[in-house]
Amino acid sequence: MNLRGFRPKTWLRQGALCVVAVVWLFPYLWMGLTSLKPLAEIVSAPTALWPKQATLEAYREVFRSLPLARYFFNTSVMALGIAALQILLALPAGYALAKLRFRGKRWAFGLIVATLLVPAQVRFVPVFSLLASVGLVNTLSGLILPFGVSALGTFLVRQALLSVPDAQIEAARMDGAGELYIIYRLLAPLLRPTLISLFLFSFVSHWNDYFWPLVLTTDEHARTLPLAIALLREQGTGVRWHLVMAGNVLLSLPALAVFAAAQRHLLRAVTVRGFGG
Amino acid sequence: MKPSRPSDPYWMLLPTLLLLFVFFVFPLGMLIEHSLLSWDLLTPARYVGLANYRSLLRSGELWQTFVTTLSMSSAVVVGSMSAGLALALLLDRPGRWAAFVRSAVFSAYVVSWVSVGLLFLWLLDADSGIFAALWRVFSDGRAPRWLADPALAPWAVAAVTIWKITGYALVIFLAGLQDVPQSILEAAELDGASPVRRFGSVTWPLLRPTTLFVATTSLIASFQLFDVVRVMTQGGPVRSTTVFVYAIYEQLFLDLRVGRASAEAVVFFVVLLLLTGAQFLLFRTEETA
């Protein structure tokens with residue numbers, strides 16, 4: 001049926017797409033709008049769509065009441081530290097497993113794959129007592145080290161290296177290149193797309209991580225942003241949703257920015273690694 | 001290849017294996033040892049054998065946690081998979097608008113659980129939330145207290161989780177749809193098969209491995225749900241949203257019962273291993289079938 005270009009099926013599909021867009025985008029819009037309202041409006045007309053008097057007061061108050069600079073610093077150092085360490089360590093390990101012949105290789109590989117089965121949610125009980133016994137609770141090292149190795153990252157780097165021809169590595173050796181040079185200067189650039197995906201995915205998951213910092217920090221010294229923003233609500237702010245939403249905007253914007261800038265890489269990481277950290 | 005020096009592979013693997021040993025292998029041993037203790041972190045630990053496991057079983061706590069986790073996870077898996085598949089079929093087309101909607105749905109998967117939890121706490125607020133306001137438009141009664149009613153809270157949290165992870169199912173299903181040969185679909189269309197028929201006889205059977213993959217990975221992942229529960233309900237009301245990880249966390253940090261927390265973590269680990277084992281078997285039979 002085609003009456004003057006009016007096609008019901010197309011319109012139905014467009015309508016469905018609009019509904020989907022609203023369902024997934026409205027919450028963000030609502031978060032932003034709420035953060036721009038003054039307290040009086042939250043109390044008197046909480047569900048009015050637009051703020052009558054838009055103000056940045058909520059942001060100012062969040063900055064006044066929380067040491068946000070420290071939380072941003074902690075969260076960035078932690079997330080960047082974990083992502084960088086994972087890649088730095090995965091390269092030599094993946095290289096040895098993919099390219100070198102040695103005794104115990106199958107054991108090492110088996111151990112790495114086996115640790116994929118142990119999620120942070122299982123090991124946090126003993127790791128907490130372990131780190132407590134060496135004084136690493138409430139430190140950034142305590143937040144970074146338990147995630148310094150990504151078994152999956154090592155595995156994926158190994159898989160990617162399998163397709164690099166041996167001849168290329170042998171040629172570099174003939175030219176007198178050391179193994180470290182081969183790993184970090186010759187092979188790393190070849191694996192660029194894989195490494196970028198791993199890095200970004202790891203960065204975003206740890207930027208967002210709530211569980212581990214919750215377990216491992218008890219004061220604000222090493223506290224990270226997700227924890228601080230969640231506390232903003234717990235600490236009896238009552239109806240002050242404009243503050244919670246302002247904090248929430250500050251927490252989610254960096255993740256959304258990375259997403260907007262590098263969606264392709266994150267998608268790659270998700271389709272190969274499946275879901276979860 | 002032969003290593004340049006025989007020791008090369010060992011130092012290359014040393015940091016990785018060392019960290020894995022310290023933070024994965026050794027803690028698992030510790031976990032099992034701790035599960036046999038009565039210990040509050042303050043006074044000396046006492047060996048109690050299997051008492052922790054027995055009391056978890058007898059009190060019915062373990063069973064309740066398992067049932068809560070399983071029912072919420074099942075709702076999440078069924079919900080996010082159906083939504084993900086429907087959206088994948090809707091969005092599997094070129095064009096900037098479709099790409100934009102795809103990104104919108106997927107973005108929820110990238111934002112933190114804390115953000116999503118806080119956002120929906122506000123949207124679902126019983127007095128001033130948007131959902132309560134919408135409810136009042138369409139009916140004259142008070143809106144239900146979604147997060148304060150033990151009969152509703154698990155499903156409210158599950159719905160929020162579905163909103164967050166549907167993007168995952170969508171992305172995997174879209175990848176799966178690329179493997180459905182266009183030629184077969186066109187042939188079926190020429191033979192006069194309706195869209196519903198084409199989906200039922202061509203697309204759906206060919207998506208089977210993808211569906212299985214999404215189902216098992218999301219099930220294993222949603223068994224590990226914690227953040228959204230901690231932010232939105234703290235396991236309540238009346239323990240109706242106390243899932244496995246939350247129960248373990250509560251034993252350790254609120255009750256300071258290291259032994260019981262460890263015993264529960266051991267059980268949780270075994271459950272995850274069984275799920276992973278089942279996934280492995282499913283895929284093996286799928287491949288040989």
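In this predicted model, S222(B) is found in helix 10 of chain B, the helix that covers residues 208-223. The serine has 24 C-beta neighbours inside 10 Å and therefore counts as buried, since the cut-off for that label is 20 or more. Some of its surroundings come from far along the chain: V76(B) is 146 residues away from S222(B) in sequence, yet their C-alpha atoms are 7.3 Å apart in space. With neighbours within four places in sequence set aside, the contacts of S222(B) are S73(B), V76(B), V77(B) and T161(B). V76(B) thus appears both in the distance given above and in this list of contacts.

Two further places in chain B are worth a visit for their backbone geometry. G236(B) and P237(B) are joined by a cis peptide bond, with omega at about -15 degrees. P237(B) belongs to the loop that runs between helix 11 (227-232) and helix 12 (244-254) of chain B. Further along, L256(B) sits in the loop between helix 12 and helix 13 (258-288) of chain B. Although L256(B) is not a glycine, its phi is positive, at about 50 degrees. This leucine counts as partly exposed because it has 13 C-beta neighbours inside 10 Å, and the exposed label requires 12 or fewer.

Chain A offers another example of a positive phi. N138(A), also not a glycine, has a phi of about 65 degrees. The loop that holds N138(A) links helix 6 (120-133) and helix 7 (140-144) of chain A. N138(A) is partly exposed, because 17 other C-beta atoms lie within 10 Å of its own.

Stepping back to chain A as a whole, the secondary structure is simple to describe: there are 14 helices and 0 strands. Read from the N terminus, the elements therefore form an unbroken series of α symbols. The C-alpha atoms fill a box of roughly 75 × 70 × 35 Å along the principal axes. The radius of gyration of chain A is 24 Å, whereas a compact globule of 277 residues would have a value near 19 Å. Of these 277 residues, 43% count as buried. Contacts between distant parts of the sequence are well represented: among contacts in chain A with a separation of 6 or more, 76% join residues 24 or more positions apart.

How confident is the predictor, and where in chain A is the mean pLDDT of an element lowest? The average pLDDT of chain A is 89, and 94% of its residues score at least 70. Among the elements of chain A, helix 2 has the lowest mean, 83, while helix 4 (residues 68-99) has the highest, 96.

The domain assignment divides chain A into domain 1 (18-59) and domain 2 (67-273). The C-alpha centres of these two domains of chain A are 34 Å apart. Where the domains meet, 10 residues of domain 1 are in contact with 9 residues of domain 2 of chain A. On the domain 1 side, helix 1 (8-35), helix 2 (39-44) and helix 3 (57-65) of chain A are the elements that give two or more residues. Helix 1 of chain A provides the largest share of that side, with 4 residues. By residue type, the domain 1 side consists of 6 nonpolar, 3 polar and 1 charged.

The two chains also meet each other. The contact between them takes 70 residues from chain A and 64 residues from chain B. On the chain B side, helix 1 (residues 8-34) of chain B gives the most, with 16 residues. The side of chain B that touches chain A is made up of 48 nonpolar, 13 polar and 3 charged residues.

Nonpolar residues also build the largest nonpolar core, which has 156 residues. Those with the most contacts inside the core are L266(A), V157(B), L170(B), V228(B) and I248(B). Helix 7 (residues 153-177) of chain B gives the most to this core, with 15 residues. The core lies between domain 1 (18-59) and domain 2 (67-273) of chain A, because both domains give residues to it. What does I248(B) touch, not counting residues up to four places away in sequence? Its partners are V125(A), A261(B), E264(B), A265(B) and F268(B).

Methods: Residues numbered from 1 in each chain as written. Chains lettered and ligands numbered in written order. Predicted model: local features only at pLDDT ≥ 70, side-chain atom pairs only at ≥ 80, totals over all residues. Contact = placed C-beta atoms within 7 Å. Nonpolar A, V, L, I, M, F, W, Y, C, P; charged D, E, K, R; others polar. Domains from an automatic or database assignment. Rg over C-alpha atoms; globule rule 2.2 N^0.38 Å. pLDDT = per-residue confidence, 0-100. Core = buried A, V, L, I, M, F, W, Y, C linked by C-beta atoms within 7 Å.
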